Amino acid sequence: MKSVQLITDGSCLGNPGKGGWACILRFKQYKKEMFGCESHTTNNRMELQAAVEGLRALKEVCEVEIITDSNYMKNGITTWIQGWKRNGWKTKDKKPVANQDLWEELDELNAKHKTVWAWTKGHASHSDNNRCDELAQRAAREQVSSTSPDWQREGE
């Protein structure tokens, strides 16, 4: 089974507002950068979309270390989601779970792979997280998306 790293980030200009997501996939000496945008969204939706798009890009079952600076996403997928599903997608306060559509998609994709979720401090010393932040902010600001990026050998 291939071992891959997925680094993610989301950005929003206003919340809600113009949003961008970005992710980097790493496999051995190769990497793939992807990013996209939405014209009216939230930061949390963009965080989730980054992970969804990264996992969706994997063509086979992999061991995936997912690195995020979003405690919302990490806690949601590793802890809270089981209770949400048990309670019919309601929070402990009996309110509908925000972003249910993306949580369901992320849950389905997460289950296809052997995943480990890790948190990193945003805007700090993790170079790939910082790169994702740059790409997500650009996507939000310019409302641009990557087009079918290929895997690049590191340093090319």
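**Exercise 1.** Which side chains meet in a salt bridge with an N to O distance of 3.4 Å?

*Solution.* We work throughout with a predicted model. As a starting point, side chains of opposite charge can pair when their charged atoms come close. The pair asked for is E33 and K31, whose side chains meet with 3.4 Å from N to O, and this value can be checked against the cut-off, since a salt bridge needs the nitrogen within 4 Å of the carboxyl oxygen. The structure holds 11 salt bridges, and the next exercise takes up others.

**Exercise 2.** Describe the salt bridges that R56 forms with E53 and with E105, and state where the partners lie.

*Solution.* Begin with E53, which forms a salt bridge with R56 in which the closest N and O atoms are 3.0 Å apart. Both residues belong to helix 1, which covers residues 43–56, and because they are three residues apart there, about one helical turn separates them. Next, consider the salt bridge between the side chains of R56 and E105, where the distance from N to O is 2.1 Å. Here R56 lies in helix 1 whereas E105 lies in helix 3 (residues 100–112), so this pair ties together parts of the chain that are 49 residues apart in sequence. Finally, ask how exposed the two partners are: R56 has 39% relative accessibility and counts as partly exposed, and E105, at 27%, also counts as partly exposed. Elsewhere, salt bridges that share partners join K31, E33, R131 and E134 into one network.

**Exercise 3.** Classify the ring pairs that W103 forms with Y72 and with W84, and decide whether W103 is buried or exposed.

*Solution.* The structure holds five aromatic pairs. For Y72 and W103, the ring centres are 5.4 Å apart and the planes stand at 65°, so the pair is edge-to-face, given that planes over 60 degrees apart count as such. This pair links distant parts of the chain, with Y72 in helix 2 (residues 71–86) and W103 in helix 3, 31 residues apart. Turning to accessibility, W103 has a value of 0% and therefore counts as buried. The pair of W84 and W103 is likewise edge-to-face, with 5.1 Å from centre to centre and 65° between the planes, and it connects helix 2, which holds W84, with helix 3, which holds W103, across 19 residues. W84 is buried as well as W103. As a last step, the ring pairs can be followed from one residue to another, and they link Y72, W80, W84, W89 and W103 into a cluster.

Conventions: Residues numbered from 1 in each chain as written. Predicted model: local features only at pLDDT ≥ 70, side-chain atom pairs only at ≥ 80, totals over all residues. Heavy atoms only, no water. Helix = DSSP H or I, 4+ residues; strand = E, 2+ residues; numbered from the N terminus. Buried < 20%, exposed > 50% of the residue type's maximum accessible area, 1.4 Å probe, protein only. Phe/Tyr/Trp six-rings, centres within 6.5 Å; stacked < 30°, edge-to-face > 60°.
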